[in-house]
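Work through the exercises below with the model in view, and try each task before you read its solution.

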Amino acid sequence: MREKHRFFGNIVVGVLALQGDVIEHRRALDLVGVKSKEVKVPSDLESIDGLIIPGGESTTLSLLVELGGMFDVIGEKIAGRMPIFGTCAGLIMLSKEIIDGRRDQKSFEVFEVSVKRNGYGRQLDSFEAPIALDGTSPPNYPGVFIRAPAVVSLGDKVEVLGKVIKDESPVLIRQGRILGATFHPELTDDLRVHELFISMIEEV
Amino acid sequence: MASSEITNTHPDKEPSYTPSRAQGSIRLKRGLAEMLRGGVIMDVVNAEHAKIAEAAGAVAVMALERVPADIRRDGGVARMSDPALIEEIQASVTIPVMAKARIGHFAEAQVLEALEVDFIDESEVLTPADEAFHIDKWPFKVPFVCGATNLGEALRRIGEGAVMIRSKGEAGTGDVIEAVRHLRSILREIHAVSSAPIEEIANYAKVLGAPVELVQEVRELGKLPVPLFCAGGIATPADASLVMQLGAEAVFVGSGIFKSGDPATRARAIVEATAHFDDPALVAKVSKNLGEPMVGISASEVETKLANRGW
């Protein structure tokens with residue numbers, strides 16, 4: 001049994017709320033015991049300690065972030081070493097290189113990885129498979145992969161924190177204060193990935 | 001958690017998951033619906049429209065041969081689209097592609113699954129194939145969305161396996177009044193159920209004609225157990241803002257975009273207004289100079305109420 005509601009002080013995590021599964025991330029943060037708020041406009045970034053970019057459609061997110069003038073302000077926050085976590089489309093939004101993206105699709109270009117959109121195929125190819133969260137654990141994290149991207153190459157600074165047993169490909173990756181998942185921890189009741197992100201915020 | 005790079009700890013073991021169970025699960029089907037929240041799903045009739053929709057920020061496109069306004073005008077039997085058209089649209093965009101099957105026409109749904117569409121809409125916009133029964137949606141690996149005009153209808157569809165509900169509205173009219181009626185009806189009944197004492201739940205199930213387990217779930221959640229989107233008559237950014245403020249989690253726009261004077265601009269404006277539905281200044285800004293809206297027809301004057309299809 002996990003401890004209920006450890007005290008996380010005044011940590012507030014923002015969830016980019018332009019499109020996607022925002023409420024599932026806020027629910028997970030609530031279960032971890034951390035306050036959260038929606039981030040829709042630049043001024044929402046002022047009082048947050050970390051930011052989650054949720055799952056959704058990366059082409060839509062790219063457009064809405066650009067139209068809202070959020071690329072520069074969130075980019076400055078990331079440069080200022082604010083922890084940031086992207087799941088699925090959120091990971092695509094952080095990646096340096098996007099394969100099979102739209103030509104006008106943009107990202108924050110901070111994660112030294114190359115990701116392939118819809119890397120496993122269409123919705124019929126979406127799958128559930130266990131993830132091994134580190135070198136010593138059995139593959140016991142419930143991986144939910146929905147039209148998921150695939151990480152096809154990694155820079156030297158990127159650590160692999162989780163591999164899916166389906167094909168041993170990296171699915172949870174970290175580069176300093178940037179965390180990325182090709183799957184959806186927010187759709188499960190296993191809070192370990194969100195807890196990891198909160199520990200990254202606590203380290204700041 | 002240790003952050004050292006992992007090595008394969010089970011090099012000799014067969015994977016413990018079974019692909020047949022690991023794909024097409026309820027979590028994966030409902031999950032895709034959840035990913036579409038806050039977005040706009042646009043009706044498209046060819047690859048060119050699909051590309052315009054994707055460039056304008058659509059989260060998904062609905063591939064069909066005629067938009068509802070034309071189905072209404074032309075009359076006759078409206079069926080599943082030509083598979084060649086669906087494939088052409090699938091090849092032209094990277095976002096999810098949905099397609100419609102007739103109510104009760106499980107063979108059309110099987111064809112759409114064979115085409116690997118991402119979502120099937122069992123839709124009243126097409127001519128129903130079964131006057132009593134909807135498709136049993138549980139055996140399918142592709143997720144289904146169905147229309148509803150009230151809570152009982154929504155829960156019957158969820159009981160049959162739908163993972164997304166859209167309020168029906170009156171498709172092809174450009175008149176938002178029916179969308180508002182159906183959305184308000186569903187939300188009003190959810191509110192009543194969620195504030196009802198537990199002993200009334202079985203009676204609610206009887207009155208609504210809905211599975212008691214789902215009525216109980218609505219009471220506990222205070223919402224549907226699947227995402228609730230809105231369709232049928234949305235034609236302007238302000239229409240999108242209206243239904244999102246009422247409680248829709250995303251919008252379908254059918255004839256409203258490609259029956260207007262400047263589809264690309266209007267599509268993008270509706271995408272922005274849906275994301276920022278609670279920001280009237282932004283809705284005002286994106287509503288400027290959109291060109292001619294869809295002419296439309298008052299929902300009270302239409303001869304065939306599509307919303308009455310479905311049981």
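**Exercise 1: the fold as a whole**

Chain A contains five helices and twelve strands, where helices (H or I, at least four residues) and strands (E, at least two) are DSSP runs numbered from the N terminus. This is a predicted model, in which local features need pLDDT of at least 70 and side-chain atom pairs count only at pLDDT 80 or more, while totals for chains, interfaces and linings use all residues. Residues are numbered from 1 along each chain as its sequence is written, and side-chain values use heavy atoms, with hydrogens and water left out.

Task: find out whether the radius of gyration of chain A agrees or disagrees with that of a compact globule.

Solution. The radius is taken over C-alpha atoms, and the globule rule is 2.2 Å times the number of residues to the power 0.38. For 204 residues a compact globule would have a radius near 17 Å, and chain A, with 16 Å, agrees.

**Exercise 2: an aromatic pair**

Task: determine how the rings of A:F85 and A:F197 are arranged, and which elements they link.

Solution. Over all chains the structure holds nine aromatic pairs. In one of them, A:F85 and A:F197 lie 5.4 Å apart from centre to centre with 40° between the planes, and the pair is tilted (ring centres of Phe, Tyr or Trp, its six-membered ring, within 6.5 Å; under 30 degrees is stacked, over 60 edge-to-face, the rest tilted). A:F85 belongs to strand β4 (residues 84–87) and A:F197 to helix α5 (residues 192–203), so that the pair links parts of the chain 112 residues apart.

**Exercise 3: burial**

Task: decide whether A:F85 is buried or exposed.

Solution. Buried means under 20% relative accessible area, exposed over 50%, and partly exposed in between (1.4 Å probe, protein chains only). A:F85 has 0% relative accessibility and therefore counts as buried.

How values were computed:
Chains are lettered from A and ligands numbered from 1 in the order in which they are written.
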